[in-house]
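Colleague: I should like to go through the charged pairs and one helix packing in this model. Shall we begin with the salt bridges?

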Amino acid sequence: VDIVPVLAFLERDTRAIGFDRVTVATHLRTIRHGHELASAQFRLGIIQRELGNAEKNAAFQAANKEAIRMLESLRDRKLGGVDVLSLLAEAYFYAGRYDDTVKLCQDILIEKPYAVAARSTLADTYNELAVNEKNKKNDVAATLTYHQQAFEIRQKLASEFPDNAAYNAELAGSINNIGVLLGNQGKPQEELAMFQLAVTYN
């Protein structure tokens, strides 16, 4: 939570809004502590997940579930703003709650159209939805739509942050995915064009 501008406001206008500074400062520390605690819980889960085995994955899911509970509590109390909502969207993503992730990211982007974390998470979610459509339903049209949605977001992020290797790699992955689907549809020329484009971002 970015508390600096809030503190600046308080320095100027605390008396005008009828709160004493000690009360408001205590409230702000509570917000910051809640956000930091929820963030730490989420990061702990990510570390456990990256360790890789089934036992650690169960620990990750438990940690992520607790992070979601804490972040939802902050959200419901309207504390933390976009930072909390973006982290909650990421936690939903790792919990496999893709519909919740998409809705929350879209809500964030209505308020903050250039929110980088929400855009990145939304692109990741579209990519996972594409994989699910392909593996579970073999719906090529829906799979292609999701990959195109991921591509559009990732293309903008890579354009805005050209030195970010992760964004470039993710964009290359989306282009490659679209190329594979075009090949499966019997469109070798379009497939080749996609693969050639993907190489420029690797």
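Modeller: This is a predicted model, and the structure holds eight salt bridges.

Colleague: Which residues do salt bridges that share partners join into one network?

Modeller: Glu 72 and Arg 97 form a salt bridge, their closest N and O atoms being 3.8 Å apart. That pair links distant parts of the chain, with Glu 72 in helix α3 and Arg 97 in the loop between α4 and α5, 25 residues apart. Arg 97 also meets Asp 100 in a salt bridge of 2.9 Å, N to O. The network therefore consists of Glu 72, Arg 97 and Asp 100.

Colleague: Is Arg 119 buried or exposed?

Modeller: Arg 119 has its place in helix α6 and touches residues including Leu 109, Ile 153 and Leu 157. Its relative accessible area is 7%, and because the cut-off for that class is under 20%, Arg 119 counts as buried.

Colleague: With which residue does Arg 119 form a salt bridge?

Modeller: The partner lies in helix α7, so the pair ties together parts that are 41 residues apart in sequence. The closest N and O atoms are 2.7 Å apart, and the partner of Arg 119 is Glu 160.

Colleague: How are α6 and α8 oriented, roughly parallel or roughly antiparallel?

Modeller: The axes of α6 and α8 come within 12 Å and cross at roughly 25 degrees. Because angles under 35 degrees fall in that class, α6 and α8 are roughly parallel.

Colleague: What is the handedness of the crossing?

Modeller: The contact includes Val 116 and Asp 124 of α6 with Tyr 167 and Leu 181 of α8. The crossing of α6 and α8 is left-handed.

Notes:
Residues numbered from 1 in each chain as written. Predicted model: local features only at pLDDT ≥ 70, side-chain atom pairs only at ≥ 80, totals over all residues. Heavy atoms only, no water. Axes fitted to C-alpha atoms, helices over the stretch in contact; angles between N-to-C directions. Helix = DSSP H or I, 4+ residues; strand = E, 2+ residues; numbered from the N terminus. Parallel < 35°, antiparallel > 145°, perpendicular 65-115°, else oblique. Left-handed = near helix turned anticlockwise from the far one by under 90°. Contact = heavy atoms within 4.5 Å. Buried < 20%, exposed > 50% of the residue type's maximum accessible area, 1.4 Å probe, protein only. Salt bridge = Lys/Arg side-chain N within 4 Å of Asp/Glu carboxyl O. Lists of a residue's contacts leave out its neighbours within four places in sequence.
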